[in-house]
Amino acid sequence: MNTAAAMISAHPVDPSIPDVLAECIQACTDAALACTSCSDACLAEDAVAELRSTIRLAQDAADMCTTTARFLSRLTETDGNLLKTILMLCRDFVATFAMELRTTPTSTNTAR
């Protein structure tokens, strides 16, 4: 059982799909770590100035993933429409970053 699943099972509010929720929280956390690692790897490249856009997108995507995981972790009086909007926004941030990676030449592309 991962941390998200343990947190959900210990919470007095019982979400309708606890396993899916735990997997989503974990996926957001994993994506945030991958984006952060990619940003750090880009900073170590010799041509770091050419990677500014990639670094910025990686940091933005990491922040959005972290924020999404935090929103999903709040089970009390959740607003389903707001959560859907946040999830779609997170998906769009990560998709934009993924498109950037396809065109970014780096020697250590950790997120591919």
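## Helix H4

The expected span of a helix is 1.5 Å times one less than its number of residues. Helix H4 covers residues 80-102, which is 23 residues. From first C-alpha to last, H4 reaches 33 Å, close to the 33 Å expected. The model behind these values is predicted.

Asp 79 caps the N-terminal end of H4. One of its side-chain oxygens lies 3.0 Å from the backbone nitrogen of Asn 81. Six positions in H4 are listed as buried: Leu 83, Ile 86, Cys 90, Phe 97, Glu 100 and Leu 101. An α-helix has 3.6 residues a turn, so residues three or four places apart point the same way. The cover over the buried residues of H4 includes helix H2 (18-43) and helix H3 (52-73).

## Overall layout

The protein has 4 helices and 0 strands. From the N terminus, the order is α-α-α-α. The C-alpha trace spans about 50 × 30 × 15 Å along its principal axes.

The protein has 112 residues, and 31% of them are buried. Take the contacts between residues at least 6 apart in sequence: 63% of these join residues at least 24 apart.

## H3 against H4

How do H3 and H4 lie relative to each other, roughly parallel or roughly antiparallel? Their axes are 9 Å apart and the packing angle is about 155°. An angle over 145 degrees counts as roughly antiparallel. H3 and H4 are therefore roughly antiparallel. The crossing is left-handed.

On the H3 side, the residues that meet H4 include Leu 57, Ala 61, Met 64, Cys 65, Thr 68 and Leu 72. On the H4 side, they include Leu 83, Ile 86, Cys 90, Phe 93, Phe 97 and Leu 101. Glu 100 of H4 also takes part in the contact with H3, and Glu 100 is buried.

## The H3-H4 loop

Glu 77 sits in the loop between H3 and H4. Its phi is positive, about 50°, although Glu 77 is not a glycine. Most residues other than glycine have a negative phi. Is Glu 77 buried or exposed? Its relative accessibility is 78%, so Glu 77 counts as exposed.

## H2 against H3

H2 and H3 pack at about 160°, with axes 8 Å apart. That makes H2 roughly antiparallel to H3. Their crossing is left-handed.

The H2 residues in this contact include Leu 21, Cys 24, Ile 25, Cys 28, Ala 32, Cys 35 and Ser 39. Their H3 partners include Ile 55, Ala 58, Ala 62, Cys 65, Ala 69 and Leu 72. Cys 65 of H3 is also among the residues that meet H4.

## Two buried residues between H2 and H3

Ala 69 belongs to helix H3. Its relative accessible area is 8%, so Ala 69 is buried. Which residues does Ala 69 touch, leaving aside its neighbours within four places in sequence? They are Ile 25, Cys 28 and Thr 29. These residues appear in the H2 side of the H2-H3 contact. Farther along the chain, Gly 80 is 11 residues from Ala 69, and their C-alpha atoms are separated by 14 Å.

Ser 39 is in helix H2. At 4% relative accessibility, Ser 39 counts as buried. Not counting residues up to four places away in sequence, Ser 39 touches Ile 55, Ala 58 and Gln 59. These partners appear in the H3 side of the H2-H3 contact.

## H1 against H2

Helix H1 covers residues 3-10. The axes of H1 and H2 come within 8 Å and cross at roughly 140°. That makes H1 oblique to H2. The crossing is right-handed.

From H1, the contact uses Ala 4, Ala 5, Met 7 and Ile 8. From H2, it uses Pro 18, Leu 21, Ala 22 and Ile 25. Leu 21 and Ile 25 of H2 also meet H3.

## After H4

Thr 104 is found in the segment after H4. Is Thr 104 buried or exposed? It is buried, with a relative accessible area of 5%. The side chain of Thr 104 reaches the backbone oxygen of Glu 100 at 2.6 Å.

How values were computed:
Residues are numbered from 1 along each chain as its sequence is written. This is a predicted model: local features need pLDDT of at least 70, side-chain atom pairs count only at pLDDT 80 or more; totals for chains, interfaces and linings use all residues. Side-chain values use heavy atoms; hydrogens and water are left out. Buried means under 20% relative accessible area, exposed over 50%, partly exposed in between (1.4 Å probe, protein chains only). Contact means heavy atoms within 4.5 Å. A polar contact is a pair of N or O atoms within 3.5 Å; within protein, one must be able to donate a hydrogen and the other to accept it, and residues adjacent in sequence count only if both atoms are side-chain atoms. Axes are lines fitted to C-alpha atoms, for helices over the stretch in contact, and angles run from 0 to 180 degrees between N-to-C directions. Angles under 35 degrees count as roughly parallel, over 145 as roughly antiparallel, 65 to 115 as roughly perpendicular and the rest as oblique. A crossing is left-handed if the near helix is turned anticlockwise from the far one by less than a right angle, and right-handed if clockwise.
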